[in-house]
Amino acid sequence: MLSSLGVTNVRQTVAQALNFALVLSTAFMLWKGLSIFSASSSPIVVVLSGSMEPAFQRGDLLFLWNRSPRAEVGEVVVYNVRGKDIPIVHRVLRTYPELEGRTKKVKEITVNSAPDSHMLLTKGDNNLADDTELYARNQDHLNRYEDIVGSVRGYIPMVGYVTIMLSEHPWLKTVLLGVMGLMVMLQRE
């Protein structure tokens, strides 16, 4: 009788652990699926500062799209500064043509290049100056293909405050994970 009860408890514990693993792997697959669909390494970001007020408030959850070949003046983009891992949400203030009708050689074939505006200057709506001080050392503009994570295509206000709280108070992550693990372990099917 006791041995069958012990086997049932082991099976139940294993089933709960597998359920928890299933939830985590599902979340990971959804994130990767969104990344592929949007062509962005971070398809969802949270506004961390008030630099874009009144357009976006601290804690707004932004949905990004990175399949557009160019960023237009006035478009809100998210970029990463080279060497840092904090996304910045700002508006494109100006675009610069990298090549203006110049010719370049590609594999010994001469091609006439049309103007291509993929060099950008950005600025926060609530900031007084442009972002050149935020860019990496010796960088005076952003490259659309190297620095931009995506363009904002939608948002949900205030939902990202959970993320802000977790990043500002690291102990909350441990408590939240502990509570989630406890709930999974105590769950009865």
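Two strands count as paired if DSSP finds at least two bridges between them. Strands themselves are DSSP runs of E with at least two residues, helices are runs of H or I with at least four, and both are numbered from the N terminus. The model is predicted, so local features need pLDDT of at least 70 and side-chain atom pairs count only at pLDDT 80 or more, while totals for chains, interfaces and linings use all residues. Residues are numbered from 1 along each chain as its sequence is written, and side-chain values use heavy atoms, with hydrogens and water left out.

**Exercise 1. Overall make-up**

State how many helices and strands the protein has and in what order they occur.

Solution. Step one: the secondary structure comes to three helices and nine strands. Step two: from the N terminus on, the elements run α-β-β-β-β-β-β-β-β-β-α-α. Step three: of the 189 residues, 29% are buried, where buried means under 20% relative accessible area, exposed over 50% and partly exposed in between (1.4 Å probe, protein chains only). Step four: contact means heavy atoms within 4.5 Å. Among contacts between residues at least 6 apart in sequence, 59% join residues at least 24 apart.

**Exercise 2. The sheet and its edges**

Give the strand order of the open sheet and find which strands stand at its edges.

Solution. Step one: the sheet has seven strands in the order β1-β2-β9-β3-β4-β7-β8, with antiparallel pairing. Step two: β1 and β8 each have a single partner strand, so they stand at the edges and one side of each has no neighbour in the sheet. Step three: inspect one pair in the sheet. β3 and β9 (residues 148-156) are antiparallel and share three bridges, and V78 stands opposite G150 in β9. As background, strands of a sheet pair through backbone hydrogen bonds, either parallel or antiparallel.

**Exercise 3. Strand β7**

Work out which strands pair with β7 and whether its residues are buried or exposed.

Solution. Step one: β4 (residues 87-96) is joined to β7 by five bridges, and the two run antiparallel. In this pair R94 stands opposite L121. Step two: β8 (residues 142-143) pairs with β7 over two bridges, again in the antiparallel sense, and L120 stands opposite L142. Step three: five of the five residues of β7 (residues 119-123) are buried, so the strand is largely enclosed by the rest of the structure. Step four: both faces are covered, with M119, L121 and K123 buried on one side and L120 and T122 on the other.

**Exercise 4. Nonpolar cores**

Identify the residues of the largest nonpolar core and the strands that supply them.

Solution. Step one: a nonpolar core is a set of buried Ala, Val, Leu, Ile, Met, Phe, Trp, Tyr and Cys residues joined through side-chain atoms within 4.5 Å. Step two: the largest has twelve residues, A71, V77, Y79, V81, I88, V92, L120, L121, Y135, A136, L142 and I148. Step three: β3, β4 and β7 each supply at least two residues of this core. Step four: another core lies apart from it, with eleven residues, among them F56, V78, V89 and V152.

**Exercise 5. Two pockets**

Describe the volume and lining of the largest pocket and of the second largest pocket.

Solution. Step one: on a 1 Å grid over the protein atoms alone, a pocket is an open set of points where a 1.4 Å probe fits, with protein on both sides within 12 Å along at least five of seven lines; lining residues have an atom within 4 Å of a point. Its volume is the space filled by probe spheres set on the points, which are joined across faces, edges and corners. Step two: the largest pocket has a volume of about 350 Å³. Of its 17 lining residues, I44, V45, V46, P87 and T163 are the closest to its centre. Step three: β1 (44-46) gives the largest share of this lining, three residues. By class the lining has twelve nonpolar, four polar and one charged residues, with Ala, Val, Leu, Ile, Met, Phe, Trp, Tyr, Cys and Pro counted as nonpolar, Asp, Glu, Lys and Arg as charged, and the others, Gly among them, as polar. Step four: the second largest pocket holds about 240 Å³ and is lined by V23, L24, A27 and M180. By class that lining has four nonpolar, no polar and no charged residues.
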